[in-house]
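Good morning, colleagues. Please turn to the sequence and the structure on the screen, and I shall take you through the architecture step by step.

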Amino acid sequence: MIEFINVSKEYENGVEALHNVNLKIENGEFVFLIGSSGAGKTTITKIIMREENATEGQVLLDGKDITVLTDKEIPYLRRKMGVVFQDFRLLEDRTVYENVEFAMQIVGASRREIRRRVPTVLNMVGLNYKAKMFPRQLSGGEQQRVALARALVNNPSLLIADEPTGNLNPETAMEIMEIFESINAMGTTIIMATHAHDIVDAMHKRVIAVEDGRIVRDEVGGEYREYVTD
Amino acid sequence: MSRIKYFLGQAKKNIIRNGLMSVASLVTIVSCLVILGLFMIISLNVEVVTEQIKDQCEIQIFLDMDTSEERVEAIRSEITAIGNVKSAELYTKEQMLEEVKVTMFEGREELIESFNDEDNPFSDSYKIVLNDISLASQTASELEAIENVESVTNKQDVVNMVLTISKNLRWVTIVIMLLLLLVAIVIISNTVRLTVFNRRKEIGIMKYIGATDRFIRVPFIFEGVIVGFSGAVLSFVIMCASYSLLLKYLENSGFELFTLVDLAPVAIWLGVIFVLVGSFIGMLGSMVSMKKYLKV
C-alpha cells in the first residue's frame, strides 16, 4: 500500500510541484495519474521511487516512510518496484535477453533462476522469439515490451509507468495496455502517469487528476475528459 | 563467483567498446611507467656503482722505509684497533716491486734489474678497508698518527662525490615517481570520466532498476585495473628489452669503467613496482571519476 500524507515538493529552482497531497493506493489497484504537463503527476511517481524526495510530509510504502531512506537504501527500495518509461530506457549494447537478465543480476539472482525466469517473462510480453535482438532492431512497441519484461522479472508488487504509451501509435499502445492489465490481474499494483485520453477512457480504472500540484479529482472508473482539459 | 565473472565480463566489454579511450589510458600509463622505470634503473645502478667504488676506495698507508718486520706486524694491530677499520692487508715492498715489474716494465725487465729485494725503493704498506666510508678523513688522520706511518692515501673526494650523487638521485627518483603517479591518476581519471560521461544514461538506467553504486562502480574499477595492469606488463616488456639491449651493447663495446646491474634483479624490481603502480593508478583513476554520475 502506498500512502502520501501531506506531501509537498518544492524543487531547488523554487517550482512548487506538489502542494499538500494526500493519497492512498491499495495493493492490487490500477491507478491512472492524469493532468497536463507540469501538473505534478510525474513528480508523484518520482517521489515513490525516490528519484526525488518530498520536501514535506510522509510517503508510506507498506507502512514504512520512504522519505527518510538514505542513499544507500534507495536501490533496495527500487527493487520492490518495476519502472517503465516513455522512452523505454533499455541498455542499447545488450540484447533483449540481457536487458531483462540484467535486472536479475542486480539483485544477485542465481544463474539457474535467471535461466528459468527470463524466458518466462519474455513469453509473457510475447517477445521470446526476439531474445537475441538488440533494442535498435525492435519497434517502439517491442522495446516497451522489453522494458515491461525487465520491470516484471523480479516479481515486484508495484509497477510504476510514466507515459508508457507516449511514444507508441494507438494500436500498439492498446496492446501494451493489455499487458499491463494482465499484470494487474495477477495482483501487481500499477500506477501510471499518462496523457492518453482514449486509454484512460477505455480502461475504466481509478483516475487521480493532478492540477497545479494538487489532487483535483480521485474517482474509481473515471474518465479523462470530464475535469481535465489539455 | 558468478558476480565476479559478471564484473570481469562487463569490464572487458567496456574496454573493447571504449577502444580509443582504453588505448589512451594505456599509452598514458605506459609512458609514465617507462619514465619511472628509467629513473629506477639509473638509481639502482648508481647505488650499485657506488658500492663498487666504495670497495675500490680503500685507504692505503705507507710505512717508513726502515721499519723493522716486528714493527710492521705491530702496526697491524694498531690499525685494526681503530674503530672504523674493517680489515687491513699487508702489502709488502717485495710485492710492490713485483707488481711494478709486471705492470710497468713487462718485456723491459732489464731496466729495473738493479732493484731487487735487497735494494728495494718501495716501502711496506697496508691496504685498509673501512666500515663507514664517509668517516674516511677522520680515520685517515688517526692512521697518520701511528708511529712509522709515513703517508696515507685517501680518495675521499671521489667517494664523497659519488655518495652525494647517489643520495640526491634517490630523492629525485622518489619525487619524479610521485609526480608521475599524480599525472597518471589525473589523466586516467579524466579518461574514465569521459567514459562514464558517455555512459551516464546507462548508469541512470541501472540505478532506476535498483542497482547499488557498488554494482555499477565495480566494472569500471575492474576496467581501470585491467588497463593499468596491461600497461604495466607492456612497460615491463619495453623496459626489460631495452635494458638487455643496453647491457649487450656495453658488453660488446668493451666498456669497463663499472659494471651495470644484471637484468634479473632489475626485472624483478620493475615487475613488482610496475604491476603495483599500474593497477593502483588504474583503480584510483576509475574511483575518483565515478562519484558524480552515481547520483540519480
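**Sheet, cores and contact**

I begin with helix α5 of chain A, residues 140-152, which lies across β6 and β7 of chain A and runs at about 165° to β6(A). I should say at once that this is a predicted model. Its scores are ipTM 0.83 and pTM 0.67.

The strands just named belong to an open sheet of six strands in chain A, with mixed pairing and the order β6-β7-β8-β3-β9-β10. At its edges are β6 (81-85) and β10 (214-219) of chain A, each of which pairs on one side only. Direction ignored, neighbouring strands of the sheet are turned by 15° against each other on average.

Within this sheet, β3 (residues 30-34) and β8 (residues 189-193) of chain A run parallel and are joined by four bridges. In that pair, F30(A) stands opposite I190(A) of β8(A). A further helix of chain A, α1 (residues 41-48), lies across β3, β7 (158-162), β8 and β9 (206-211) of chain A, and its direction is at about 140° to β8(A).

Let us turn to the interior. Which residues touch the most other members of the largest nonpolar core? They are L33(A), V100(A), A149(A), I160(A) and I190(A), in a core of 76 residues. Helix α3 of chain A, residues 96-106, gives the most to this core, namely seven residues. As for A149(A), its contacts beyond four places in sequence are V100(A), V121(A), L122(A), M124(A), V125(A) and L127(A). Another core lies apart from the largest one; it has 32 residues, including I185(B), V225(B), M239(B) and M283(B).

That brings us to chain B. Its secondary structure consists of nine helices and four strands, which from the N terminus follow the pattern α-α-β-α-β-α-β-α-β-α-α-α-α. Of the 296 residues in chain B, 28% are buried. Among contacts in chain B between residues at least 6 apart in sequence, 87% join residues at least 24 apart. The mean pLDDT of chain B is 79, with 93% of its residues at 70 or more.

Finally, the contact between the chains. Chain A supplies 13 residues to it and chain B twelve residues. On the side of chain A that touches chain B, α2 (74-78) and α3 of chain A are the elements that give two or more residues. The largest share of that side comes from α3(A), with three residues. By type, the residues on this side of chain A are five nonpolar, one polar and seven charged.

Technical notes. Residues numbered from 1 in each chain as written. Chains lettered and ligands numbered in written order. Predicted model: local features only at pLDDT ≥ 70, side-chain atom pairs only at ≥ 80, totals over all residues. Core = buried A, V, L, I, M, F, W, Y, C linked by C-beta atoms within 7 Å. Buried ≥ 20, exposed ≤ 12 C-beta atoms within 10 Å, placed from the backbone. Contact = placed C-beta atoms within 7 Å. Nonpolar A, V, L, I, M, F, W, Y, C, P; charged D, E, K, R; others polar. pLDDT = per-residue confidence, 0-100. Pairing = 2+ DSSP bridges. Axes fitted to C-alpha atoms, helices over the stretch in contact; angles between N-to-C directions.
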